[in-house]
Structures are given as C-alpha cells and as structure tokens.
Amino acid sequence: MTKIHTEQTFESAIIQSLVQNGGYTETSASDFNREICMDTNVVLSFLEDSQPLQWKKLKAAYEDQIENRIIERLNRELDLRGTLDVLRNGIKDYGVKFQMAFFKPETRLNPETQALYDKNRLTVTRQLKYSAKNENSIDLLLGLNGLPIATIELKNPFTRQTVENAKIQYMEDRDPRELLFQFKKRALVHFAVDTDEVFMTTRLQEKRTKYLPFNLGFNNGAGNPPNPEGYKTAYLWEYVWTKHSWMDIIARFLHIQSEEIEDKNTGKKYKKESLIFPRFHQLDVVRNLSLHAKENGTGRNYLIQHSAGSGKSNSIAWLSYHLSSLHNAKDERIFDSVVVVTDRLVLDQQLQNTIYQFEHKQGVVQKIDQNSEQLAQALGYGKHIIITTLQKFPFIVDKVKELPGKNYAVIVDEAHSSQGGEAARKMKAVLSAKNLEEAAKEDGAEFEDEEDVIREEMKAIGPQPNLSFFAFTATPKSKTLEVFGEKDAEGKPRPFHLYSMRQAIEEGFILDVLKNYTTYKAYFRIAKAIEDDPELNKRKAAKAIGSYVSLHPYNLAQKTQIMIEHFKEFTSKKIGGKAKAMVVTSSRLHAKRYYFEFKKYIKEKGYDWIKVLVAFSGSVKDDDFPDGVSESQLTHYGEKELPEIFEKEEYKILIVAEKYQTGYDQPLLHTMFVDKPLSGVKAVQTLSRLNRINPGKEDTFILDFVNDRETILQSFQPFYEATILEETTDPNHLYDLKNKLDEKQVYWQSEIDAFARVYYLSRNALNPGEQGKLYAFIDPSIQRYKGLNEEEQDEFKKGLRTWTNIYSYLSQIIPFQDIELEKFFTFGRHLSNRLPKRDLSERLKLTDEVALEYYRLQKISDGAITLEIKGEVGLQNITEAGIKREKEEKALLSEIINVLNDRFGTDFTDADKLFFDQIEMELVRDEKLQMQAKSNSLDNFKYGFDEAFLTKLIDRMEDNKEIFARILDDKDFGGVVKEWMLRKVYQNINAE
C-alpha cells in the first residue's frame, strides 16, 4: 500500500486531476519508443483518425510500410526543425501534408475546425524510461499527439526532498545529450515541482541550466499563497496544464528567440537561440487583459504595473498578438488594429519574428519608420499590428477620432525612454506648438516624462469608444493611477495587473539596489571608525575617505577624489573586472565640470585605464566655454553613438545630467554616485539603472552625496513594500560577532587555514581533485554543528549568515587587509551553504562549481583576498547577531548657527557652514594654540587666540568673502563669532 506522504501519492494526485478534469489520457511507459523518443502508437492513431484522406493517399503509395515511413519522416523532421515547428506547421511526406496538432479556432464560424481541435490527444505518462543507454526515468511526461512536450520531476517535502532537489536532479542526472532532453528536438520545457513551488527551464545544460520561477507570487513577493483546498502548486495541473490552457501556450506563447553573439576572441558572429516559455505573471496578464477586453469591448483603459525584470517586451508581443485576433461572443473582431507605441529598438524585430512563428506569414506587423502619412494609411487599412514611436502618439489619438467605424487597441510602453527627456520634450513641442529650444531652455529643469504626456493627452480628448489603452509601466505616478487605475471595493485606484519590484528581486530577475545604499554621512562615518580603531587600522587604507576630515564634500575635487578612488579600489574589481559606474549630477554645468575634474584627477594619479564619458542635452556655457560646449564636442562621439561606446570595455564611468536616468539598460552598471536631489518616481527610476542582472554581477553599490535614507525609502516604498534601508554598521561588530561564533566551537582555525590554502591556490596549481578537499575541510564543522541543541544551531546559523552579510557590505567601503577576516569569510560562506536545512523556507543552495571558480579566479587576478559576494538577506533585525547602529553626531556648528540666525536674521548656506567648520578645525590643530589652551585659563587664552583667529580668517578670505567682510565690518556680528569660536576651540583642545 502506498504511503500517503510519499512522492508516488503526489504523482497520482496530479495524474488523477489531469485525467478527470484536464482532458488527458494516461498512457503506459512501455509504449514509449526510447530510440526516437515518441509514442508511435498515439502518433499513428492520431494521424489516421484526424486526417483519413491524407492517410488514404499515403497508404496508396507506401502500402504496408506506411506506418514505418511516416514515423521515419516525422523523426527526420523533428531532428531538423524541432518539436514546436512540427506541431504548428505539420510535415509533408510524398507530397501529402499532415498536421501534427490542431489549435483552437478564434471563432465558431467553422465547426470543422472545432471538431479537428477535439481530435488532439493529450497524454500523461508516469515513471517513463527515456534512454536507450540506461534505465533512468523521469516522474511524468506530458505529450501531445504522441510527441513529448514537457518533462516533470516531482519532489515531496514530507520526504525531505524539495524543488531544489529536483533542479539538482535535472542538472546532475539528466544528460542533455539524451534525445528527449535535446534543445528543441523533443521535450520543449522541463518542470521542477514540489508541493510549494514550481521552476522551469527550456534548455538543460547540466550545471549551467538556468531555471525560471513559475509561481503565482505571494503578498507581492515570490512563492505561492496558501491553498485551503490542497497543494500550493495545484494551479499547475488544475489550470496551466489543462487542455485549453496548454494548447494555447503551445500555439500562441512558446517561441524561439535568436540573438547575434560576437566571439570576442575571434570577432566572428553566431546566432544563439532560446526557447521562450512564459512566466506565470506574463501568461496571467495577457489572458486577463484579453478576457476583459473580450467581455467588455473597446473604450477601456488598462494600467499594467510590471517591474523591471518582468519581461515586458515579451508580454507586449504576446498581448499584441492575442488582441489582434480577439473576437467577441458574436464572433466579431474586437480590434481592427493593435498599435504598439514604444522606443525599444529591439521590439520591432522581436514582434516580427515572434508573430511570424505563430502565423507563419509575413506582413502581420508593420513598422512606421517614415511620416505620419504612413501611419494614417496603416490605421485606415486596418493593419493587424502597427509599431511606432512615442513622438507619433498625439497623431494616433487624433487619427483614431477620425475613424469612428474602426476600433483600436493602443499598447504603450511609456516608461521606457532611451535618453531620458528627449522624447518628452519633442512631445511637448508637438502638443503645445513650441519649438524644441523653448521646451528645453531651462537648464536642469524637470521635464514631463512620457507618462505625463500620454496621460494629459488622453485626458484632453476624453474617453473614446473605439479606443482601448494598455499602458505598461514599472513606476506609475499617482495621477496616472487616478486616470487609468481600476477602482477596488474601497474606491481606491489600483493597477489592473501587478508584478512588483519586490517579486522581481526575490525571484532573481533584478538586483536590490537599496541593499548597499550609502549616504555620504554614513560612508564617512564607517571610514572614520576604521581610522580611529587600532585593531582594524592595519594599513593606511581608504585615504580618499579619510581625507574628509581636512576637506569637505561640497568641494567638487574632494568628491571626485572619493568617487574615483572608490571605483579603483572596489567597483573595478566587480563583475570580473568589467563593472562600470554612473555619476548622476544636478545640471549640465555640474556634469561638464565633473568631466574635467575626473580627467584631471585621473591624469594626476596615472589611472589611464579609467576612461570617462559625459552625457547631457544641448550645450552648456561657462567661463571656459563662453559660446557653449556640447556633449559631442567633449566626447567626440555622437549622442546616438554614446550607449554603444560606453559598452566598450575601456570606458568605465559615465557622468550624466538629466539623461540615461530612465530606460537605459546597461547590465555592467554596478555603482552609482549621486550628486543630485532625488525623490519619488525619479529616485526609483534613476537608482534602478543598476538593477539589471548579468553573469557574475552579485550586488550593486550607491554612494549618495545629497539625499537622506528616509527620502529614498519613501520613494521606493509604493513600488516595493518590503524595502528596508539599514543604518550604518559599526565595523568593530565584525570582531564582536565572530567572538560569539567562536564560542560555539563549531569550526577550528586549522580547518579554516587548510580550506584557504586550497581555495586560493594559483590557477596553475589547481586541479579538479582539489574541490573534494574543500568539502573535507568543512565536513567536521558540520558534524560539530549537528551536536548543538536546536536553539544553539539557530543562533549559530543566523550569526554566521549575519557576519558574512556585514562583511560583504563593508568590504565595498573599506579595503580590509585583515587576512584572517577574509579567510573566515570564505570558509564561513561555504559552511553556511552546507549547514543542514530544517525549515522549508531555507532554500537549498545549489552547488555551483562554475560560479565558485569564477569568483575564485576573480580574487586571484585582483592580487588581493577580497571576496565580493552578495549576502542572502538585508542588514536588519538589530539584535546581538545583527548590526549595531551608531548614534547621530551633533553638528559642530549648530550652536553658533542658531545664535547668529536668531540675533542677526542670517540664513546660512552649506558653504557658510563649511567656512566656519574649516576655520575651527585649523585652530584646534594649531600646535601653538594647543600649548596655550592647555596651560592657561580661558581669559588668558584669548590673547593668543585673537591673533591666530585673524590669521586663519585672512587665509580663508577667498573661500567666503561675504562672511569675511561681515566679521570685520560688523563688530557685533564679528564679536559673537569670535567669542563662540574662542570657547569652542578651547573646549575641544582640552577635551582631547
């Protein structure tokens, strides 16, 4: 008798559902032909039953050999063209064409097509042995008309096996050279499934296999919600795999994407193919939008809030195709044309290629690349799908009003702007009849973005009964939600469909840019703690940061020094030495001056390998360029060339002003230096330039000179509810926490040393057998860990994870030279991944030798042992094992500023405060004054102080002439300043 908690019971439950409610038949594994990987009995019975006339013709030619000849021909076609193409377009044999599948017709006008659709045979087979070489089996196989479509590996957590074990099984035990698993040739998709989560892949590549989550999402994050009726993953077999859904996915979602790849060693170009299977939210949004439009007709607005990393290009392509073929209950076409408005250069060709695979005919998509007349003709003729640019949007709206007899769907990808602001300025000119120079005349002005322009244009014309509007955006503004959002039960507008930033981050499609977000104050505070601590200060490190004490962040040169030194010390070593940085400035003048300051500093230091570019619109004037200078004149590249130029390896830093802050995708961007006030949507869009994933990119870093944490937190909160920004970490806590971990006696120093000796072997000395030694050095620690009681295990595991998180974060700011810390980090990270898992929420870490080797080599090539790894969780939960926050230091000048403001009505700028700050600092450091202050009373001290104060004031005269003049000319004002400074300097010297 099968036990209820086993994997076999789980398997049976799925098969029962598919057979009783999903339109499937269960077939025997013994009927599967391992040599050619198909169920020949089902293939032949389907062809003879569904296409008797074709069968009769071919039988006349082949007679008794008809079955063998058809299978031979089918096998050859599958090897040449692949399963998907054969299913959609059939095969020809001896001049006779057979369809290998019949897809559901869009209308009921032809009963014969519906009858053919009913002839399809969906099958499910359990424990299928697929190989001619061995007896390996897969848990489930889904087939269509005898051809394999999906393989499934099931795991049941009751038996301590999870979806992660299923992934490993595919990677380690399923040979991608086996015919069933060969890309495109047989099974199209492979599912790893347990009772809680689902992952899938369309290409098995052993340890390089890339899995995508196929989960519903829960509370706007990853995973699946509880299911009161049973398994959390029941939607997979109760909905996705059922006949109508599954046939629709095969017919109108699955497609091949090709991209041209250049071999950097040879320069040769080759095509790389990918088979695209929709993620659940993509399937869900396309179907929900289509169903709503089918039931409600035209004249509706839809807002789709999908984060970066959601795969919007594919979602838009699928939606375009579905809307273009949508019919109502009367079998009437709902939309005469679907217009896609986008600035994505790749979307045009992608749409053409994708829809050609569905329709197998040219001309379904028309690109408008000329004038508005071409667009008018396409709209008038009712071209199925029209793709055009944002600038033509007002014309589309006007033209649609002139064609009341036709209905249109307009899909707008308005959040994607290739050069931030240019498109919006042109749109403003069109809408308001201003010329472009007038629209852009104010330097640094916040222009309306595309979302604003589209919203206002739609509001101006009002609802149009023949136009439905589908807007995709990652960051909808409140006004946009008001205009286009769906009102909930409480009357609050919400997006029609949501794929949140949080879910995209948790599912691994984008990086969390707030994880390593640091304000300048925090950056300085950490560096200062290092300087003041004798245990950590084991070399003269972070000189650029430490010099903050004598310089000040409002000085461009000082900021330049900090940014370049940070890039050199940290960023340049990320992503295998390929990482790039962006500097966000507040105006064109700032960008221009930073550009020259960067080049000057780089030349002085001999950092010739750091090349810098600058980007801003129009031209900027100053004393150096009274007639103005443009971006192109500075860089010697055209504006449109710049993204491609920045792609080159030698260009490391891009300085921008109101450009490339939205819609710019550069996966190698790792670090952002912000010297501009940011808030709201603008903050989210700007900082999100860093979130694109790339092989080897495990984290990001932001150094913000201007904004505070609370502003950034409030900006991100509406789009990612789980955002937590941590306070500054005390570096000494690394030692405190390690002491607590040492007390558990789980690891021995001799094991850490032995592990490090192998891990950091030179490339020449390393051989594959060395990896086994790494496991051997960690295994004793695991055994000791198991000897702890449950409470001690939890405390140790959380403490170890927190320690590696803190070290990973701080290592981006502080160039640690403590070798013992580095060795422990390397050992601890790998130990943490191998500690036994009790809780299902603690996901099994896949052993990834490729990634391990990548980072090992990255560190060796750096010549320093400074591992760069992103931690699993944010730096939060302020406990003994968490991060200790330091108290805010009171501003040195708060007392005098308040006195002067109250008494003299002053309103000091940051530059004024800096002036006082620097004078006070120099007086405190004056050796002569130090001797006088320590050996005299305050009354006697002031005699020597007066002369020193005047000298310092004159030395600093050029820094702030207004304050200098007022101190000398206004005796009351000058007296208050001098008296306060006297007391402050005297107190500080004696306090030291």
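**View 1. Helix 3 packs against helix 4 at about 110°.** Helix 3 (residues 52–62) and helix 4 (residues 66–81) have their axes 9 Å apart. That angle makes helix 3 roughly perpendicular to helix 4, a label that covers 65 to 115 degrees. Axes here are lines fitted to C-alpha atoms, for helices over the stretch in contact, and angles run from 0 to 180 degrees between N-to-C directions. Helices are DSSP runs of H or I with at least four residues, strands are runs of E with at least two, and both are numbered from the N terminus. This is a predicted model, where local features need pLDDT of at least 70 and side-chain atom pairs count only at pLDDT 80 or more, while totals for chains, interfaces and linings use all residues. Residues are numbered from 1 along each chain as its sequence is written, and side-chain values use heavy atoms, with hydrogens and water left out.

**View 2. The residues where helix 3 meets helix 4.** From helix 3 come Trp55, Leu58, Lys59 and Tyr62, and from helix 4 come Ile66, Glu67, Arg69 and Ile70. Contact means heavy atoms within 4.5 Å. Sort these residues and you get five nonpolar, no polar and three charged; Ala, Val, Leu, Ile, Met, Phe, Trp, Tyr, Cys and Pro count as nonpolar, Asp, Glu, Lys and Arg as charged, and the others, Gly among them, as polar.

**View 3. An open, parallel sheet of six strands.** Read across, the strand order is 21-28-27-22-26-23. Strand 21 (517–519) and strand 23 (611–615) sit at the edges with a single partner strand each, so one side of each has no neighbour in the sheet. From one strand to the next, the twist averages 15°. Two strands pair if DSSP finds at least two bridges between them.

**View 4. Strand 22 beside strand 26, with helix 22 lying across both.** Strand 22 (residues 580–585) and strand 26 (residues 651–656) run parallel and are joined by four bridges. Look for Met582, which stands opposite Leu654 in strand 26. Helix 22 (residues 556–569) also lies across strand 27 (669–675) and strand 28 (701–704), and runs at about 170° to strand 27.

**View 5. Strand 4 with strand 1 and strand 5 as partners.** Strand 1 (residues 24–26) runs parallel to strand 4 (residues 122–129), with three bridges joining them. Tyr24 has Leu122 in strand 4 as its bridge partner. Strand 5 (residues 137–144) runs antiparallel to strand 4, and seven bridges join the two. Here Arg126 stands opposite Leu140 in strand 5.

Technical notes. Parallel < 35°, antiparallel > 145°, perpendicular 65-115°, else oblique.
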